[in-house]
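Reader: I'd like a close look at the polar and charged side chains here. Which partners do they have, and what surrounds them? Keep it brisk, please.

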Amino acid sequence: VAMLVLTQLAAGAFLVGQALAAGPWRESILLQSVRPAYATIGLLVGLVGMHAAVFHLGRPRYAFRALLGLKTSWLSREIFAFGLFAASAFAYAWALWQAVDNPALLAAANTLGWTSAAAGLVGVFCSCMIYVKTRRPFWNGPRTGAAFFLSCLVLGTPTALLVSLAACPLSDAVTTHSLMAAYGQPLCQLLVAVVVCKLALEASVLLWLPTRQFLPMKRTALLLTGELGMITMLRGFFGVVGGLVLPLALLSEKATIAGPRGYEPLFIGLVVSLMTLLLVIGETLERYLFFAASAAPKMPGEPCR
């Protein structure tokens, strides 16, 4: 659970960061000022997630042997992809910090940034395929792929905004209100749309409840509303508050106006911090339910059909 949530957060953060760097704000002093800190935080989160993966191995000291199965194993491909992600993300962060004094390195940093984002997304795809290959109905390709890649955006978007706000004091040219006016509010709009899609995807499982046949997907729906009902409700609460209520509060004009008519920078920072925390908790609960509510298509010992 920790490995999937953190690696998807890191991959999503790099993707959102590169999208911002390639968008209308690519030449702004404000974005260039926060990119080094942004890349560094994304790298650290990704490394923590990769190290978390070691704890579910029976013999962690032999983890390197997983690379021997690149031709046949999605697990091996996942490890290789995230290894490439870590290496390119480290080079990207280093290049951005060096580009502060040597702007000639900025082009190379942009290339490394897209390489990092691409490697992270490939790693997420490999993570998805590990579970799709089990052929469990709840872990089917479209549902699992949508859940994993939407998690990248659900977690990466508020992280991008939080790191940008935290980096504001590093530059005299950047203020909280100018950042919110430039790309903070578009990120909040994106977050609301993505969270709505993610919650709708998760709620769609409940459509299996009225079916008469006791199929694996109905068993999953019964688990989500029965034994796992409290966790399901908490997951929905954290998702709605962190992904809908708080971002909508930041979409008001007060978030972009400096002075007595606008929100205090400290208040905006606290809201974004709480938003990020709640979404991380919510996605962690969702990923727990991903494992706990998955019903196997057959009982142990029953011959395969």
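Author: Start with the side chain of Gln 18. One of its polar atoms lies 3.5 Å from the backbone oxygen of Asn 110. The model is predicted, so read every distance here as a value computed from a prediction. Gln 18 has a second partner, Tyr 92. Their side chains are joined by a polar contact of 2.7 Å. Gln 18 sits in helix α1, which covers residues 2-22. Is Gln 18 buried or exposed? Gln 18 counts as buried because its relative accessible area is 1%, under the 20% cut-off.

Ser 164 is another buried polar residue, at 2% relative accessible area. Its place is in helix α5. The side chain of Ser 164 makes a polar contact of 2.9 Å with the side chain of Tyr 183. Val 174 is 10 residues from Ser 164 in sequence. In space, their C-alpha atoms are 9.6 Å apart.

Now the charged residues. The whole structure holds 6 salt bridges. Lys 198, Glu 202, Arg 235, Glu 283, Glu 286 and Arg 287 are linked in a network of salt bridges. Take Lys 198 as the way in. Lys 198 is buried, with 1% relative accessibility. Its side chain meets that of Glu 283 in a salt bridge of 2.5 Å, N to O. That pair links distant parts of the chain: Lys 198 belongs to helix α6, Glu 283 belongs to helix α9, and 85 residues separate them. Both partners are buried.

Lys 198 also forms a salt bridge with Glu 202, at 3.4 Å, N to O. Here both residues lie in helix α6, 4 residues apart, about one turn of the helix. Why does that spacing matter? An α-helix has 3.6 residues a turn, so residues three or four places apart point the same way.

Glu 202 carries the network on to Arg 235. Their side chains meet in a salt bridge of 2.6 Å, N to O. Again the pair links distant parts of the chain, with Arg 235 in helix α8, Glu 202 in helix α6, and their positions 33 residues apart. Arg 235 is buried too, at a relative accessible area of 4%.

Next, Arg 287. This member of the network is found in helix α9, residues 265-292. Arg 287 counts as buried, at 1% relative accessibility. Its side chain makes a polar contact of 2.8 Å with the side chain of Ser 151. What else does Arg 287 touch, leaving aside neighbours within four places in sequence? Its contacts are Val 1, Leu 4, Val 5, Gln 8, Ala 147, Phe 148, Ser 151 and Lys 198.

Phe 148 leads from the charged network into the nonpolar core. Beyond four places in sequence, the contacts of Phe 148 include Leu 4, Gln 8, Arg 287 and Phe 290. Others on the list are Val 124, Ser 127, Cys 128 and Tyr 131. Phe 148, Leu 161, Leu 250 and Met 275 have the most contacts inside the largest nonpolar core, a set of 71 residues. Helix α6 gives the largest share of this core, 11 residues. So α6 appears twice: in the core, and in the network through Lys 198 and Glu 202.

Helix α8, home of Arg 235, also holds Val 241. Val 241 touches Leu 246, Pro 247 and Leu 278, not counting residues up to four places away. The C-alpha atoms of Val 241 and Leu 279 are 8.5 Å apart, though 38 residues lie along the chain from one to the other.

Helices α5, α8 and α9 are also part of what covers the buried residues of α7. Those buried residues are Pro 216, Met 217, Lys 218, Thr 220, Ala 221 and Leu 224.

For contrast, look at the outside. Arg 135 lies in the loop between α4 and α5. Arg 135 counts as exposed, at 74% relative accessibility. Its phi is positive, about 65 degrees, although Arg 135 is not a glycine.

The wider frame is helical: 9 helices and 0 strands. Of the 305 residues, 46% count as buried. Among contacts with a separation of 6 or more, 78% join residues 24 or more positions apart. The bridge from Lys 198 to Glu 283 spans 85 residues.

Notes: Residues numbered from 1 in each chain as written. Predicted model: local features only at pLDDT ≥ 70, side-chain atom pairs only at ≥ 80, totals over all residues. Heavy atoms only, no water. Helix = DSSP H or I, 4+ residues; strand = E, 2+ residues; numbered from the N terminus. Buried < 20%, exposed > 50% of the residue type's maximum accessible area, 1.4 Å probe, protein only. Polar contact = N/O pair within 3.5 Å; in protein donor to acceptor, adjacent residues only side chain to side chain. Contact = heavy atoms within 4.5 Å. Core = buried A, V, L, I, M, F, W, Y, C linked by side-chain atoms within 4.5 Å. Salt bridge = Lys/Arg side-chain N within 4 Å of Asp/Glu carboxyl O.
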